[in-house]
Amino acid sequence: MSALGVPPAVEAERVIAAVLADLRSGAHRGVVVDSPPGAGKSTLVVRAAVELAAAGESLIIVAQTNEQVDDLIDRLAGKAPELRIGRLSATDYQPSARVRAHEQVRVGAKVTDLGGPTVVIGTAAKWATVSEGSWPWAIVDEAYQMRSDALLRVAGRFDRALFVGDPGQLDPFSTVETVRWAGLTWDPMQSAVAVLLRHNPDLPVHRLPVSWRLPASAAPVVAQAFYPFTGFRAGTGPRERALHLPGPGAGDALDVTVETAARTGWALHELPARHTPRTDSEAAAACAALALRALARGAVAVSEQAPGGAPVTADRIAVGAAHRDQVAAVRAQLGEAGADITVDTANRLQGREYDLTIVLHPLSGRRDATAFHLESGRLCVLTSRHRHACVVVARAGIADLLDAHPSTEPARLDLPVKFPDGWVANQTILALLESR
């Protein structure tokens, strides 16, 4: 219950009802929905699509990756089996098992190949190649990951749109220098939502108030560090989830870390202070060892989904890092025993959830704190994938590094200030971990 005694499901439903009411009214050309991690963005997208289709409206859905497209197709086809769905794809795309499982889904490289479905789903990159056709509605999923120039390329395909995304996670990125556009209202490196709202400040913005993924131990921490002005709450209470370790432990430092995480929801596994190469072999080995130790201890997750407890199998554990070479180093350390454990970068872990996550801190072992490693969205993704517990692996000295390297990014005129600041977000998370 909240302070006002409103159950989280009721509170969330009130916001969703308001979103759908704005869609039905037709009074706005766009509706924006901000969502914290695990608040049910995909569920909202599917629900809105089904409601629009039921009202006789054809629509398109724009996602950012093929993985997101296939996930939405699977969810939408399962929710509305009678709905004809088109999967817009590249010519060499091979339908995944999730897409092949639904007979009402047709795949094609062109809109004309899809047979006139009610809903057409594709990536933003694919929609940018479509030069003909228009639809009354579009739903843009993970809209904060979408660059504003990508939105400009598809905006002519629809009349009204619902934009759904998480403002606290990773911003769009580019491999080319973008300083020339900094401060411009149409800066392509701003997110689609940021530019949309700068040019249309009167559009309604709704905020989903509940995270159904993060436990009660994590929601207040993540909200304070990464969503300081909006906040959100956990959908479950402190006694509704637990992580048990029934297997015997060796009593070493790995066990202490795993047990702390199971007991409190968080743990810091600190290695001796040292400046290291990016692929710190000792840190990579620690990440792998912690994941394998949780498996060896036979961790069991008790939750509203499994009141009697469910084993935390390898596919329910993830290791996250900032760089692909760090990911490769951890994978090498896991070996055959950890073959089913997910190891990936923050960019690729967005939108996914696990029972237990182990995070290699982006600033661990570094001599400097660059804008890339200080980015609040990267740390937000890494520390908000878990349903039960998160372990952060880091070398000692990060607090001193932060104090010695305040932000050196130049101030530019007319550039919107992004909150939270990465320096502050890192300090907030570090303070929490050191208090455990």
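**Rings, charges and helix crossings**

Arg87 sits over the face of Tyr93, 4.0 Å from the centre of the ring. The model that shows this is a predicted one. A second arginine is placed in a comparable way: Arg378 lies over the face of Phe372, at 3.7 Å from the ring centre.

Now place these residues in the chain. The domain assignment gives domain 1 as residues 8-211 and domain 2 as residues 218-435. The C-alpha centres of domain 1 and domain 2 are 29 Å apart.

Next come the contacts between rings. A pair of aromatic rings is described by the distance of the centres and the angle of the planes. Searching the whole structure turns up two aromatic pairs. Trp127 and Trp135 make an edge-to-face pair, with 5.4 Å from centre to centre and 80° between the planes. Are these two tryptophans, Trp127 and Trp135, buried or exposed? Both Trp127 and Trp135 are buried.

Tyr227 pairs with Phe232. Their ring centres are 5.4 Å apart. Their planes stand at 85°, so this pair is edge-to-face. The reasoning needs one cut-off: planes over 60 degrees apart count as edge-to-face. Accessibility can be read for each partner. Tyr227 has a relative accessible area of 5% and is buried. Phe232 has a relative accessible area of 12% and is buried too. The cut-off here is a relative accessible area under 20%.

The helices come last. Two packed helices are described by the angle between their axes and the distance between the axes. Start with helix α2, residues 41-54, and helix α3, residues 66-79. The axes of α2 and α3 come within 10 Å and cross at roughly 50°. Why is this crossing of α2 and α3 called oblique? Angles from 65 to 115 degrees count as roughly perpendicular, and those under 35 degrees as roughly parallel. An angle of roughly 50° fits neither range, so α2 and α3 are oblique to each other. The crossing of α2 past α3 is right-handed.

Then move along the chain to helix α9, residues 253-264, and helix α10, residues 281-296. The axes of α9 and α10 come within 10 Å and cross at roughly 70°. That angle makes α9 roughly perpendicular to α10. Which hand does the crossing of α9 and α10 have? The crossing of α9 and α10 is right-handed.

Notes:
Residues are numbered from 1 along each chain as its sequence is written. This is a predicted model: local features need pLDDT of at least 70, side-chain atom pairs count only at pLDDT 80 or more; totals for chains, interfaces and linings use all residues. Side-chain values use heavy atoms; hydrogens and water are left out. Domain bounds come from an automatic or database domain assignment. Rings of Phe, Tyr and Trp (its six-membered ring) pair if their centres lie within 6.5 Å; planes under 30 degrees apart count as stacked, over 60 as edge-to-face and the rest as tilted. Buried means under 20% relative accessible area, exposed over 50%, partly exposed in between (1.4 Å probe, protein chains only). A charge sits over a ring if NZ of Lys or CZ of Arg is within 6 Å of the ring centre and within 35 degrees of the ring normal. Axes are lines fitted to C-alpha atoms, for helices over the stretch in contact, and angles run from 0 to 180 degrees between N-to-C directions. Helices (H or I, at least four residues) and strands (E, at least two) are DSSP runs, numbered from the N terminus. Angles under 35 degrees count as roughly parallel, over 145 as roughly antiparallel, 65 to 115 as roughly perpendicular and the rest as oblique. A crossing is left-handed if the near helix is turned anticlockwise from the far one by less than a right angle, and right-handed if clockwise.
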